[in-house]
Amino acid sequence: MTSLHTLLGHVVDYAGLYPPAALPLPEVLRNYAKYQHSEGKWMLGRLVVNSSHLPAFQNLRPGLPPCKWPLSVLVNTPEDWALVSRGLNSSLPIRAIETRAQSLEDVQSIADHSQKLHLRDVYIEVPLDRKDLLEAIKGQGFYAKARTGGLVQSAFPGPESLLQFIQDCVDLELPFKLTAGLHHPVRGQYRLTYQKDSEKGTMYGYLNVLLATAFTLQNQPSLALQALLEQDQSKILWTLEGVQYAGVALNSSELGRTRAFLHSFGSCSFTEPHDELLPLAHQ
C-alpha cells in the first residue's frame, strides 16, 4: 500500500444528495455505482443518505448495479430512528449513523436509540467548542463529527476553533469525521456553490485537515496550524515511505494513525477531491 492510499483510502463519504450538489436519489445511486468501478474507487467511502431515503432505496435496490452499498444514515428525530429500525429489519446495508447533539441529554438519547438497534458506528456532530459533549461521546463509545463549511463563508470555522476541536479529540483519543466544504485538496478561494454566479469563499482542503491532525498527534501545534492554512499542494511531497511537509517526514505508521483518528469526510462531490489530487500526488 502506498502512502497515498494509507492516508486517503476510502476517505470520501459521498454525499451527493446534499447541497451544493443536491442531486436526486436515482442520480446519486448511479454515481456511487460508477465511482466504485472508476480509477478513484480506492478513495470512495460510504454513501450518505437521510433516513427518509431508505424506503426509496429499498424500492430501487433490485434495479441497482451489482456493487456494495455501505450506507451512512442521517437521523435526528424519533421518526428517523424508526425508519432506521425498519431498514435494519429489511437487511438494508446500514453501516453507520450520523446525528447531532447540543446537550448531554441529546447524547444519552442517541445512546439509548443506538443500543436498542445494536449500532456502534455512530458519529455525533457537535459545536466545535463543546468538549463536554466530546467527553460524553467518548464515554458512550461513539465518534465525533464536525462541520467544516457550508454555502456561505460564515459557515466555515476559524482555524483556531477547528484546531481546538482536533486537539480535544486527540486528547480524548476520540476518532471523528468531518463534513462540508472539503471538496478540494488544499485551502483556497473556491466557488461556494455550483451556480455560475456563485460567490467565492475561503475553504479548507482535506489535506489541510489530515496533516493538521497528523501534526496534532505529534504535539506540534505550530506545524498543525501551518498545515491547516497551507494553500500550495506542491509543498506536500508524497514518497513511498510517507509524506513530507515543511521539512518534516510522516511515515506510513504515522499516516495510518492519522486515519485512525480522522475516519472520513463527507462531500457532495467525489470527482473534485479525486481529480484535483492526482496530478500533483503522482509527481
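Let me start with the largest pocket, where strand S4 makes the biggest contribution to the lining, giving three residues, and I should say straight away that everything here comes from a predicted model. That pocket holds about 590 Å³ of space, and the elements that give two or more residues to its lining are S4, strand S6 (143-147), S7, strand S8 (188-191) and S13. Its lining has 34 residues, and those that lie nearest the centre are Tyr18, Pro19, Pro20, Arg147 and Ala180. If we sort the lining by class, we find 15 nonpolar, eleven polar and eight charged residues.

Now, where does S4 sit in the fold? It belongs to a closed barrel of eight strands, which runs S1-S2-S3-S4-S5-S6-S7-S13 with parallel pairing, and neighbouring strands of this sheet are turned by 30 degrees against each other on average, if we ignore direction. Within the barrel, S4 (residues 94-100) pairs in the parallel sense with S3 (residues 71-74) over four bridges, and Ser72 stands opposite Ala96 of S4. On the outside of our list so far is helix H10 (residues 252-261), which lies across S7 (176-179) and S13 (262-267) and runs at about 60 degrees to S13.

Let me turn to the second largest pocket, which has a volume of about 320 Å³. Of its 14 lining residues, His10, Leu44, Gly45, Arg46 and Pro70 are the closest to the centre, while S2 provides the largest share of the lining, three residues.

Finally, there is a hairpin, in which strands S11 (residues 242-245) and S12 (residues 248-251) run antiparallel and are joined by four bridges. Two residues lie between these strands, and Ala246 takes a positive phi near 55 degrees.

Notes. Residues numbered from 1 in each chain as written. Predicted model: local features only at pLDDT ≥ 70, side-chain atom pairs only at ≥ 80, totals over all residues. Heavy atoms only, no water. Pairing = 2+ DSSP bridges. Axes fitted to C-alpha atoms, helices over the stretch in contact; angles between N-to-C directions. Contact = heavy atoms within 4.5 Å. 1 Å grid on protein atoms, 1.4 Å probe; cavity = no way out; pocket = protein on both sides within 12 Å on 5 of 7 lines; lining within 4 Å. Points joined across faces, edges and corners; volume = space filled by probe spheres on them. Nonpolar A, V, L, I, M, F, W, Y, C, P; charged D, E, K, R; others polar.
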